[in-house]
Amino acid sequence: MDTRVVARRGETDTHLRLKRLALIWAQAHGYSACAAEVSLPQCRYRADVAAYRPQRNEPGITAIFECKQALPDLRRDNCCSAAARERRRTISRRRDILEKHLRVH
């Protein structure tokens with residue numbers, strides 16, 4: 001749990017501390033695979049922290065953390081919350097259907 005989180009160029013100490021706290025929280029809650037500055041597949045987005053918690057007989061749980069040190073940063077990135085929630089619901093429904101079909105096969 002005491003692994004160093006390396007600062008990126010131009011990153012503030014506060015943001016670095018938030019990432020470290022997210023890693024510690026994830027590990028304390030059973031996420032056994034955790035990393036900072038993770039590039040997400042099929043997009044240009046980079047998560048501040050990504051973590052994975054395996055589950056028996058089921059796919060594991062993945063958590064993505066985006067650390068915001070100031071309210072204006074959050075507001076700027078949060079401008080499309082309703083659209084993002086609807087997209088997440090659509091993707092979750094699709095995942096449920098695909099997982100159901102995979103179980104059959």
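Trainee: What volume does the largest pocket have?
Mentor: The model is predicted, and the volume is computed from it. For the largest pocket it comes to about 1,000 Å³.

Trainee: Which residues of its lining are closest to the centre of the largest pocket?
Mentor: The lining of the largest pocket holds 28 residues. The closest to the centre are Y45, I64, E66, D77 and A84.

Trainee: Which element gives the most residues to the lining of the largest pocket?
Mentor: Two or more lining residues come from each of β2 (46-55), α2 (71-77) and α3 (81-104). With 7 residues, the element that gives the most is α3.

Trainee: How many residues of that lining are nonpolar, polar and charged?
Mentor: The lining of the largest pocket mixes the three classes. It divides into 9 nonpolar, 8 polar and 11 charged residues.

Trainee: How many salt bridges does a search of the whole structure find?
Mentor: A pair counts when a side-chain nitrogen of Lys or Arg lies within 4 Å of a carboxyl oxygen of Asp or Glu. On that criterion, the search of the whole structure gives 7.

Trainee: Where do R89 and E86 lie, and how far apart along the chain are they?
Mentor: The side chains of R89 and E86 form a salt bridge, at 3.4 Å from N to O. R89 has a relative accessible area of 38% and E86 one of 37%, so both fall in the partly exposed class. Both residues lie in helix α3, about one turn of the helix apart, which is 3 residues.

Trainee: With which residue does E86 form a salt bridge at 3.6 Å between the closest N and O atoms?
Mentor: The partner is partly exposed, with a relative accessible area of 45%. Its closest N atom is 3.6 Å from an O atom of E86, and the residue is R93.

Trainee: What separates E99 and R95 in helix α3?
Mentor: E99 and R95 form a salt bridge whose closest N and O atoms are 3.6 Å apart. E99 is partly exposed at 23% relative accessibility, and R95 is partly exposed at 44%. The two residues are 4 apart in helix α3, so their separation is about one helical turn.

Trainee: Which residues are joined into one network by salt bridges that share partners?
Mentor: Here the link is made through shared partners. The residues joined into one network are E11, K19 and E37.

Definitions and conventions
Residues are numbered from 1 along each chain as its sequence is written. This is a predicted model: local features need pLDDT of at least 70, side-chain atom pairs count only at pLDDT 80 or more; totals for chains, interfaces and linings use all residues. Side-chain values use heavy atoms; hydrogens and water are left out. On a 1 Å grid over the protein atoms alone, a cavity is a set of points where a 1.4 Å probe fits but cannot get out, and a pocket is an open set with protein on both sides within 12 Å along at least five of seven lines; lining residues have an atom within 4 Å of a point. Grid points are joined across faces, edges and corners, and a volume is the space filled by probe spheres set on the points. Ala, Val, Leu, Ile, Met, Phe, Trp, Tyr, Cys and Pro count as nonpolar, Asp, Glu, Lys and Arg as charged, and the others, Gly among them, as polar. Buried means under 20% relative accessible area, exposed over 50%, partly exposed in between (1.4 Å probe, protein chains only).
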